[in-house]
Amino acid sequence: MTSTLSPAPAVGFDVAAKQFKQLIGGDLVDGAATVPVVDPGSGEHVASAPVASPAQLDLAVAAAGRAQPAWEALGYAERGRYLHAVADVLAEHHEALAQLTTLEQGKPITQARDDVSWSIDFTRYYADYRLDPEVLRDDEGGYVELRRRPVGVVGAITPWNFPLFQAVYKLAPALIVGNTMVLKPSPTTPLATMYFAELIKDVLPGGVFNVIGDGGDVGPLLTAHAGVNKISFTGSTVTGRYVMAACAPTLKRVTLELGGNDPAIVLEDADIEKTAEGLCTWAFANAGQVCVSIKRIYAPAAIYDDLIDAMVKRTAELTVGHGLDPASDVGPLQNKVQFEKAREALAIAAEHGTVVTGGSALDRPGYFIEPTLVRDIVEDNPLICEETFAPIRSVIAYDDLDDAIRRANNSEYGLGASVWATDIEQATEVAGRLDSGTTWINHHFQLTPDVPFGGVKQSGLGAEFGRTGVEEFTDVHVVNIKHL
Ligand code: NDP
């Protein structure tokens, strides 16, 4: 089913007329140039965003460096109060931020509202977070305490699939432990991040949070900058390698959250209807543009046809349309490059597999691809062995569970995975054999601020969230006392 609407966003201001600004040292600043931002649901230009000059990047890094000692000196309680104030602003402007997110990113408005709600939850969680010193030894010989110090200035680089949420979930843990930040959004989705920065301009002390615009070449300057102590990056594995190399000369700390090719393994005792519902939800959310989207589905031969039938039925019920139309379940791909890649994937699907539902790009403005399921496709096809960042998913039959696990692990990626079953004991045993940072059982893609999230193999380095993630924004400092 498709919807035809291309509604205007209800943000409370004229987006096309608005001057989006960078936030540098507490001031809203124009760029040295501008970059056009396109609504992927219509293909039309919706606003212009500022782009930083190298000198403006230097100013932002310097401002973050100047603000950091005083921010650190405030202590946890005061920094937490600031972060709760940030969460209050997010809550007050919830709908406008969601509408802007949909306008620039394309996702259905309900999913954009989730992005803002999660941003509020994560901010409040970290506002109350503490990394207290840990006593490692306390005996007659001496006393040893492990403390955590902020790294200093954090450079954050965000992609275009969850622009506001990714900005906020990097900002809040970095700030609570005493860092300051310079953040660079993706050139195709800068608006919600810049509007958020504008809204909290007077909420945080000047220089604590800086946002600079990018036309496509600011990332390498930020990663190489000598005034930046750590890079927190989310994006592709290819770019992650460049980021890591750029961090080497200054030995920056680096956290990389990269690509994924998540397998879902269905066991023979799985509830077919509930499993089909869960698989479709986490295969097609955000039009499949999620690092931890379900991308490959392994189903036992005994239930292969039944599972596919149930998934086809659910997929056919999804409404594809502009994200601002409340009827839409699946929005457009975020940008033209991704759209062209998806069309190539559809051609591969038609040639090498059997398309059981979907299979086409929509003949309308915008970057729409029908949610597509493919069966009977061989394992070494790019559709299966590469990350497909689009609503196109393969369902693969297996006869032998050990073989399915081997095939699921036969990937350069290792971000998420899931097992779908009734017997939780068996599912847990299978989960333990999967090469992934997270294995969910009977669900997928649940991110919460208290649980670490990271990838193995080429899916990343380090983790975000939980104590593990917060510690990545700190350096170790040991105080070691010898009793005399
Ligand atoms: P990129 O990894 O190239 O972009 C992500 C961010 O990194 C953007 O802000 C980008 O800015 C920036 N960036 C690019 N090059 C550098 C660099 N050398 N140094 C520092 N920062 C840099 O992703 P793409 O947009 O090209 O998407 C390609 C593929 O990546 C997708 O098809 C998907 O497979 C994967 N991807 C994974 C995501 C995830 O959540 N893990 C998110 C998005 C994409 P700029 O555009 O200005 O270069």
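**Notebook: the ligand and its surroundings**

I began with the domains, and I noted that domain 1 (11-258 + 458-479) and domain 2 (262-448) each give at least three residues to the shell around the ligand. I keep in mind throughout that this is a predicted model.

Next I looked up where the ligand lies, and I found that the ligand sits in the largest pocket.

I then asked which elements supply at least two residues each of the shell around the ligand. My list holds helix 7 (218-224), strand 10 (230-234), helix 8 (237-247) and helix 11 (336-352).

Turning to the residues themselves, I wrote down that there are 27 around the ligand, and that T158, W160, D214, S236 and E387 come nearest. Sorted by class, the shell around the ligand has eleven nonpolar and eleven polar residues, together with five charged ones.

I went on to the polar contacts that oxygen atoms of the ligand make. For D214, I noted a polar side-chain atom at 2.4 Å from an oxygen atom of the ligand. At T158 the partner is a polar backbone atom, which is 2.9 Å from an oxygen atom of the ligand. For K341, I recorded 3.3 Å between an N or O atom in the side chain and an oxygen atom of the ligand.

After these contacts I looked up how much of the ligand is covered, and I found that the protein covers 83% of the 870 Å² of accessible area that the ligand has on its own.

Terms used. Residues numbered from 1 in each chain as written. Predicted model: local features only at pLDDT ≥ 70, side-chain atom pairs only at ≥ 80, totals over all residues. Heavy atoms only, no water. Near = heavy atom within 4 Å. Polar contact = N/O pair within 3.5 Å; in protein donor to acceptor, adjacent residues only side chain to side chain. Areas by Shrake-Rupley, 256 points an atom, 1.4 Å probe, with all protein chains shown as cover. 1 Å grid on protein atoms, 1.4 Å probe; cavity = no way out; pocket = protein on both sides within 12 Å on 5 of 7 lines; lining within 4 Å. Sits in = over half its atoms within 2 Å of the grid points. Helix = DSSP H or I, 4+ residues; strand = E, 2+ residues; numbered from the N terminus. Nonpolar A, V, L, I, M, F, W, Y, C, P; charged D, E, K, R; others polar. Domains from an automatic or database assignment.
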